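Subject: Structure handover

Hello,

Here is the structure I promised to pass on. Please open it alongside this message, and my notes follow below.

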Amino acid sequence: MHAYETNGQYLARYLLDHHLDGRGQQWNSLGSALLVSNRSDDWVEAFQEMVSLQLARRLILAGDKLIERHDLPAAEKEIKQVIIDTMMVHYTLAGDVYERLLPAIHSARQRISNSVRQSVTALARREMPYCYLCGTPMAFIGDGHDAFTLDHVWPRAYGGNSVFDNLLGACRSCNEAKASEPSWAMYPIQSYVAGFEVQDLEDMPKVMRFAVQARAAKQLAQREGHSLRDAYLRLGRPSHPAVVSGATAVDLFNLEFNVR
Ligand SMILES: [Zn+2]
């Protein structure tokens, strides 16, 4: 059985596998240019992922606006044109992309229902009253920085469904820091290039910590066939990342996420 994935994940995976795969000449050249880093495969994978996410985001955003303005047959024609213009693909392929894009657009437009809100809240109160992103205990009453909020693990703007399997409790402060970006896309490009000063790890900005944690969750999900949400749960209450090897630069690929 396949682990649950949101419509947006399905779209991004399709774009990655069928339109941005690793066999293309441009990725090979990027790979050789990055060989000097000793981690060219990781780099290429990270760049591909960023590109597929940005592409998914742009298509969903454009589709959302078109669906708001037109009825479906007219919107379909316009959306397919956006796909052709953005991805420079043939009309016949645009239909394949459209089939995956439309459900993701609907997910992006979907709100959290009261019953879903209640079941996620009940689970958080009962079993994990801490923020899944920073580990801080959450307040279930009031609206301070530690207030309980519902966070889409795969963001709604990227086609994340508003369902139990894609929602976890996060403190208001983390939810606002994350906004509608996927955590793993928030890693500042400077730290990809330059790495970190090791002594700064304790004060690592929130968004960087999110990125290390998200990478660990993604790898765990892929390795053990979990949904992304369940992988976050398996990682447990978050703590600070640790350096894997002191022998090389401390960049995203050289940090691991520990369980407290
Ligand atoms: Zn938090």
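Axes are lines fitted to C-alpha atoms, for helices over the stretch in contact, and the angle between two of them runs from 0 to 180 degrees between N-to-C directions. Keep in mind that this is a predicted model.

**H4 and H5**

Start with helix H4, residues 72–87, and helix H5, residues 91–109. Their axes come within 9 Å. They cross at roughly 110°. Angles of 65 to 115 degrees count as roughly perpendicular, and H4 and H5 are therefore roughly perpendicular to each other. Their crossing is right-handed.

Which residues meet here? From H4 come Glu76, Ile79, Lys80, Ile83, Ile84 and Met87. From H5 come Tyr91, Ala94, Gly95, Val97, Tyr98 and Leu101. Nine residues of this contact are nonpolar, one is polar and two are charged.

**The loop between them**

Now look at methionine 88. This residue sits in the loop between H4 and H5. Its phi is near 50°. That is a positive value in a residue other than glycine. Is methionine 88 buried or exposed? A residue counts as exposed if 12 or fewer other C-beta atoms lie within 10 Å of its own. Methionine 88 has 8 such neighbours inside 10 Å, so it counts as exposed.

**H1 and H3**

Next, helix H1, residues 7–19, and helix H3, residues 40–69. Their axes come within 9 Å and cross at roughly 125°. That makes H1 oblique to H3. H1 passes H3 in a right-handed crossing.

On the H1 side, the contact holds Gly8, Leu11, Ala12, Leu15 and Leu16. On the H3 side, it holds Gln48, Ser52, Leu53, Leu55 and Ala56. The residues of this contact divide into seven nonpolar and three polar, with no charged ones.

**Threonine 6**

Last stop: threonine 6, in the segment before H1. A residue is buried if 20 or more other C-beta atoms lie within 10 Å of its own. Threonine 6 has 28 within that distance, so it is buried.

What does threonine 6 touch, leaving aside residues up to four places away in sequence? Its contacts are Ser107, Trp154, Gly159, Gly160, Asn161 and Asn166. Asparagine 161 deserves a second look. It lies 155 residues from threonine 6 along the chain. Yet the C-alpha atoms of the two are separated by 5.5 Å.

Over to you.

Best wishes

Key. Residues are numbered from 1 along each chain as its sequence is written. This is a predicted model: local features need pLDDT of at least 70, side-chain atom pairs count only at pLDDT 80 or more; totals for chains, interfaces and linings use all residues. Helices (H or I, at least four residues) and strands (E, at least two) are DSSP runs, numbered from the N terminus. Angles under 35 degrees count as roughly parallel, over 145 as roughly antiparallel, 65 to 115 as roughly perpendicular and the rest as oblique. A crossing is left-handed if the near helix is turned anticlockwise from the far one by less than a right angle, and right-handed if clockwise. Two residues are in contact if their C-beta atoms, placed from the backbone, lie within 7 Å. Ala, Val, Leu, Ile, Met, Phe, Trp, Tyr, Cys and Pro count as nonpolar, Asp, Glu, Lys and Arg as charged, and the others, Gly among them, as polar.
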